[in-house]
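Biologist: I would like to learn how to read a model of this kind, feature by feature, starting from the backbone and working towards the interior. Could you take me through it?

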Amino acid sequence: MKRKIVVVGLGYGDEEGLSLGTLRLIQQGYPLYLRTAQHPVADWLKTQSLSFQAFDEIYEKHASFAAVYEEIVHTLLDRVKRETCIIYAVPGNPAVAEKTVHQLKE
């Protein structure tokens, strides 16, 4: 069975910046992982009863961003082994300055 991680951007502001495709994907109920809950869309997701897991605690336990990003990537690759699809959402645009996204592609 083919498994996949779908990477989406949360935009630079509130839920009004979400693309329609991203919103529809999130609403399908796949496990949703946010790089950080420190984003206006995270609060909105809660009001919509859309559950997610954020990786903020990983930032607190490592001294370097490299170690943070490595653990996030490792966690996502481990989680997708148990699901057909997971969603990884990052602030802004996933193609711009997102180390975890580049590491996932590798």
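Modeller: Let us start with a backbone angle: this is a predicted model, and in it Ser-49, which comes just after H2, takes a positive phi of about 60 degrees.

Biologist: Which residues of H2 itself are buried, and which are exposed on the other side?

Modeller: The buried residues of this helix are Val-41, Ala-42, Trp-44 and Leu-45. Viewed down the axis of H2, they fall within an arc of 165 degrees, so they line one face of the helix. Lys-46 and Thr-47, on the other side of H2, are exposed. The cover over the buried residues includes helix H1 (20-27) and E2.

Biologist: How should I think about such a buried face in terms of a core?

Modeller: In soluble globular proteins, nonpolar side chains tend to be buried together. Here the largest nonpolar core has 15 residues, and those touching the most other members are Leu-10, Leu-32, Leu-34, Val-41, Leu-45 and Ala-89. Two or more residues of this core come from each of H1, E2, H2 and E4, and H2 gives the most, with 4 residues. If we follow Val-41 and leave aside its neighbours within four places in sequence, we find it in contact with Leu-10, Gly-13, Asp-14, Glu-15 and Leu-18. There is also a second, separate core of 14 residues, which includes Tyr-33, Phe-55, Val-68 and Tyr-69.

Biologist: In what order do the strands of the sheet run, and which of them stand at the edges?

Modeller: The open sheet is formed by 4 strands in the order E1-E4-E2-E3, and the pairing is parallel. Strand E1 (4-9) and strand E3 (53-54) stand at the edges with a single partner strand each, so one side of each is left without a neighbour in the sheet. E2 pairs with strand E4 (residues 85-90) in the parallel sense over 3 bridges, and Leu-34 stands opposite Ala-89 in E4. H1 packs on this sheet, where it touches E1, E2 and E4, and its direction makes about 135 degrees with that of E1. Helix H4 (residues 65-79) also packs on the sheet, touching E1, E2, E3 and E4, with its direction at about 155 degrees to that of E4.

Biologist: Where is Arg-35 found, and is its side chain buried or exposed?

Modeller: Arg-35 is found in the loop between strand E2 (32-34) and helix H2 (40-47). Its relative accessible area is 15%, and because the limit for calling a residue buried is under 20%, Arg-35 counts as buried. The side chain of Arg-35 makes a polar contact with the side chain of Tyr-59, at 2.7 Å. Not counting residues up to four places away in sequence, Arg-35 touches several others, among them Phe-55, Asp-56, Ile-72, Tyr-88, Glu-98 and Thr-100.

Biologist: Which residues is Ile-58 in contact with, leaving aside its neighbours within four places in sequence?

Modeller: Ile-58, found in helix H3 (residues 56-61), is in contact with Val-68, Glu-71 and Ile-72. Ile-58 is buried, with a relative accessible area of 3%. Although Ile-58 and Ile-72 are 14 residues apart along the chain, their C-alpha atoms are separated by 7.6 Å.

Biologist: And is His-74 buried or exposed?

Modeller: His-74, in helix H4, is exposed, with a relative accessible area of 58%. The C-alpha atoms of His-74 and Thr-100, which lie 26 residues apart along the chain, are separated by 9.9 Å.

Technical notes. Residues numbered from 1 in each chain as written. Predicted model: local features only at pLDDT ≥ 70, side-chain atom pairs only at ≥ 80, totals over all residues. Heavy atoms only, no water. Buried < 20%, exposed > 50% of the residue type's maximum accessible area, 1.4 Å probe, protein only. Polar contact = N/O pair within 3.5 Å; in protein donor to acceptor, adjacent residues only side chain to side chain. Contact = heavy atoms within 4.5 Å. Arc of directions from axis to C-beta. Pairing = 2+ DSSP bridges. Axes fitted to C-alpha atoms, helices over the stretch in contact; angles between N-to-C directions. Core = buried A, V, L, I, M, F, W, Y, C linked by side-chain atoms within 4.5 Å.
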